[in-house]
Amino acid sequence: MGYKKILIPLDGSESAELALPYSRKLADEQSTLVLFSVCPEDELRLCRLNSAYLGLQADVLRAAGYQAVSHTEPGNLAERIKDYVAKEAVDLIVVCRQGHSDLSKEEKYFRTW
């Protein structure tokens, strides 16, 4: 029995996209890959661009035989992920990032979650 919903947060960076091959390996025929993006609330243009980017990535996954959906929303990254995971019963989050980025607030948030 595999994962039903796998969340992959993407921000358009190459390091975030490194999660895609791992997600594909973890997915089976029952899995849905959820490509997820969060943008600042005052950057709705960025939300539209992120949505288009995720849509293209989801198209590539569907063409390869995977079930894939995309979701973009404004807000705080950690809060939006937490809310989506709880609301949509996500089984797994796959994240890749560079080791030198400053995510101390989000890391602290997820450790206590």
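## Exercises on a four-stranded sheet and its cores

Cysteine 39 stands opposite proline 74 in S3. That pairing is a handy way into the fold. The model is predicted, so to speak of local features a pLDDT of at least 70 is needed, side-chain atom pairs count only at pLDDT 80 or more, and totals for chains, interfaces and linings use all residues. Residues are numbered from 1 along each chain as its sequence is written, and side-chain values use heavy atoms, with hydrogens and water left out.

### Exercise 1: Lay out the chain and its sheet

Task: Count the helices and strands of the protein chain, then give the order of the strands in the sheet.

Solution.

Step 1. The protein chain holds five helices and four strands. Helices (H or I, at least four residues) and strands (E, at least two) are DSSP runs, numbered from the N terminus.

Step 2. Read from the N terminus, the elements follow β-α-α-β-α-β-α-β-α.

Step 3. The four strands make an open sheet, ordered S3-S2-S1-S4, with parallel pairing. Two strands pair if DSSP finds at least two bridges between them.

Step 4. Strand S3 (67-74) and strand S4 (92-93) are at the edges with a single partner strand each, so one side of each has no neighbour in the sheet.

Step 5. Now go through the pairs. S2 and S3 are joined by eight bridges, S1 and S2 by five, and S1 and S4 by two.

Step 6. Some partners to find on screen: lysine 5 is opposite threonine 32 in S2, isoleucine 6 is opposite leucine 92 in S4, and isoleucine 8 has leucine 35 in S2 as its bridge partner.

### Exercise 2: See what covers the sheet

Task: Work out which helices lie across the strands and how many residues of S2 are buried.

Solution.

Step 1. Helix H2 (residues 19-26) lies across strand S1 (5-9), S2 and S4, at about 175 degrees to S1. Axes are lines fitted to C-alpha atoms, for helices over the stretch in contact, and angles run from 0 to 180 degrees between N-to-C directions.

Step 2. H4 lies across S1, S2, S3 and S4, and runs at about 150 degrees to S2.

Step 3. In S2, eight of its eight residues are buried; in S1, four of its five are. Buried means under 20% relative accessible area, exposed over 50%, and partly exposed in between (1.4 Å probe, protein chains only).

Step 4. Check each face of S2. Thr32, Val34, Phe36 and Val38 are buried on one side, and Leu33, Leu35, Ser37 and Cys39 are buried on the other.

Step 5. Take threonine 32 as a test case: its relative accessibility is 17%, so it counts as buried. Leaving aside residues up to four places away in sequence, threonine 32 touches Lys4, Lys5, Ile6, Gln67 and Val69. Contact means heavy atoms within 4.5 Å.

### Exercise 3: Find the cores

Task: Name the elements that give two or more residues to the largest nonpolar core.

Solution.

Step 1. A nonpolar core is a set of buried Ala, Val, Leu, Ile, Met, Phe, Trp, Tyr and Cys residues joined through side-chain atoms within 4.5 Å.

Step 2. The largest such core has 15 residues, and Ile6, Ile8, Leu10, Leu20, Leu33, Leu35 and Leu61 touch the most other members.

Step 3. S1, H2, S2 and helix H3 (44-63) each give two or more residues to this core, and H3 gives the largest share, four residues.

Step 4. A second, separate core has eight residues, including Leu7, Ile81, Tyr84 and Val90.

### Exercise 4: Track down two special pairs

Task: Locate the aromatic pair and the disulfide.

Solution.

Step 1. Rings of Phe, Tyr and Trp (its six-membered ring) pair if their centres lie within 6.5 Å; planes under 30 degrees apart count as stacked, over 60 as edge-to-face and the rest as tilted. This rule gives one aromatic pair. The ring centres of phenylalanine 36 and tyrosine 84 are 5.0 Å apart and their planes meet at 50 degrees, so the pair is tilted.

Step 2. The pair links distant parts of the chain, with phenylalanine 36 in strand S2 (residues 32-39) and tyrosine 84 in helix H4 (residues 77-88), 48 residues apart. Both phenylalanine 36 and tyrosine 84 are buried.

Step 3. The whole structure contains one disulfide, where a disulfide is a pair of cysteine sulfur atoms within 2.5 Å. Cysteine 39 and cysteine 47 form it, with sulfur atoms 1.6 Å apart, and both cysteines are buried.
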